[in-house]
2 protein chains.
Amino acid sequence: MNIAKNCVSRLSSYKNALTKLKNLGFTRVFSDNLADLISVTSSQVRKDFSLFGISGNRKGGYNIEELFNQINHILGKDIVHNIIIVGAGYIGKALMKYKTFEKEGIKIRAVFDSDPAKINRESSIPILPVKELKEFIQAQRIKIGIITVPENSAQLVLDQMIDAGIQGVLNFAPINLKEYPGIIINNVNIELELENVIYYTQTMENNKK
Amino acid sequence: MNIAKNCVSRLSSYKNALTKLKNLGFTRVFSDNLADLISVTSSQVRKDFSLFGISGNRKGGYNIEELFNQINHILGKDIVHNIIIVGAGYIGKALMKYKTFEKEGIKIRAVFDSDPAKINRESSIPILPVKELKEFIQAQRIKIGIITVPENSAQLVLDQMIDAGIQGVLNFAPINLKEYPGIIINNVNIELELENVIYYTQTMENNKK
DNA sequence: GATTTATTGTGAAAAAAATCACATAATAAA
DNA sequence: TTTATTATGTGATTTTTTTCACAATAAATC
């Protein structure tokens, strides 16, 4: 069964909404409530759940705790994930301190950079030379990494990461990385996202005239 | 005509690919080449172009310079865009220094924060108190902003931005912001993107077994 | 215990997006 | 100048995604 990216994103959103509901002390939720919380339709919510065999209770909705656990399990988030970041530039360092990762059981085990001035073995998350990348990935059995290096070194870094055994990558470099069989690459392109805003803002303005 | 977000994203990608081709000295390009560069099919490229009335030359492909200008115009990128960032945390500061924005004619005019310790009126991009947000947006006629504040203040900040006249927002806070008529909101949720990687990596692993 | 009410779960339908396939036309070759 | 070749541009088709709509059923009410 091949699940669309949007569907997985919605699962993450459901999970986050459920976390909030849990913290507010709620115990049950309807597809309608979840739909409102993440701005989709209630049938979309139920279709998504049905796809993964998640079932609730007719008339009673879903038990939040159970639903949360099921979605978390589907997302593979019932375990702590150890990851690395390659590139200790501004974005790399921002992600290093990103609070949401901590909350969500995502542990950054090390950051790598080619600039000797950035190396810091003593900090709680060590910043290590890229030379040690392979050794570290293999020794720590890291499977997931984030690329925050400049565009021109991103492909090289990816190749090294995959060579070392990385299986999934979140890439912030604005470049179309080569695809490898069995390797997951997800791109976040900030400039492109801002250009989306620019396009639709402009289109909206023209409509008003 | 309502253009899908994916289609606008592809336009951005074509533009970036064309920039690279231009820099390499090429003058003409086929739909096939562009398709390869951004990992889509050539008919997808031609369909996208056809949607915007972009036409090339049968047998001769597209003139890179012309195509670039047309796409840039569609994206509203033939002018410099002045934007602001609200939230001078790690991500806000990373975006403040983001090289790609400079290259792409996106000018960050100011960053705002509620923490007095972060204020710096002298730096090349001033960091100002949020109190001055409305005044600045109106005086400078800023239309587009980026939200990089924590989750719990994001909605408040959005309300203030819209009150001041902002029309498009790129939001990094992991929260479903309220929709406003005529206002464009595009969300980037880094945790969610990483969870996508985790999900597909896990799924891939299970397939191997 | 019967009846009403409210919500799920899911096939069917609709809408949206991507791909196909080929007529059309520009260029190159003969 | 004619013929062959090679890309485009787009209507038709297919695939994917979302929404609809309603039977099934659990809980609440009478």
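I'll start at the DNA: the side chain of A:Arg58 puts an N or O atom 2.5 Å from a base oxygen of DNA strand C. Bear in mind that this is a predicted model, and the distance comes from that model.

Chain B reaches bases of this strand as well. B:Lys47 has a polar side-chain atom 3.1 Å from a base oxygen of DNA strand C. For B:Lys59, the distance from a side-chain N or O atom to a base oxygen of the strand is 3.4 Å. As for secondary structure, two elements give two or more residues each to the surface near DNA strand C: helix H3 (42-51) of chain A and helix H3 (42-51) of chain B. Which of them gives the largest share? That is H3(B), with 4 residues.

Now the wider surroundings of the strand. There are 22 residues around DNA strand C, and those that come nearest are A:Ser31, A:Gly56, A:Arg58, A:Lys59 and B:Arg58. On the DNA side, 62% of the strand's atoms that come within 4 Å of the protein belong to sugar and phosphate. So much for the base contacts I opened with; they need to be read next to that figure. Sorted by class, the protein surface near DNA strand C holds 10 polar, 9 charged and 3 nonpolar residues.

Next, the layout of chain A. The domain assignment splits chain A into domain 1, residues 5-74, and domain 2, residues 81-192. Their C-alpha centres are 31 Å apart.

That leaves the contact between the two protein chains. Chain A contributes 67 residues to it, and chain B contributes 67 residues. About 5,800 Å² is buried between chain A and chain B, with carbon and sulfur atoms giving 63% of that area. Three residues, A:Glu191, A:Leu194 and A:Tyr199, supply 11% of what chain A buries against chain B, which is more than any other three residues.

On the polar side, the count is 11 salt bridges between chain A and chain B. One example is the pair B:Lys77 and A:Glu195, whose closest N and O atoms are 2.8 Å apart. Residue pairs in polar contact between the chains number 28, counting pairs with both residues at pLDDT 80 or more. Where on chain A does the most of the side touching chain B come from? Helix H9, residues 190-208, gives the most, with 16 residues. By class, that side of chain A has 33 nonpolar, 18 polar and 16 charged residues.

That is what I have on the strand and the chain contact.

How values were computed
Residues numbered from 1 in each chain as written. Chains lettered and ligands numbered in written order. Predicted model: local features only at pLDDT ≥ 70, side-chain atom pairs only at ≥ 80, totals over all residues. Heavy atoms only, no water. Domains from an automatic or database assignment. Near = heavy atom within 4 Å. Polar contact = N/O pair within 3.5 Å; in protein donor to acceptor, adjacent residues only side chain to side chain. Nonpolar A, V, L, I, M, F, W, Y, C, P; charged D, E, K, R; others polar. Contact = heavy atoms within 4.5 Å. Buried area = accessible area lost by both parts, 1.4 Å probe. Salt bridge = Lys/Arg side-chain N within 4 Å of Asp/Glu carboxyl O.
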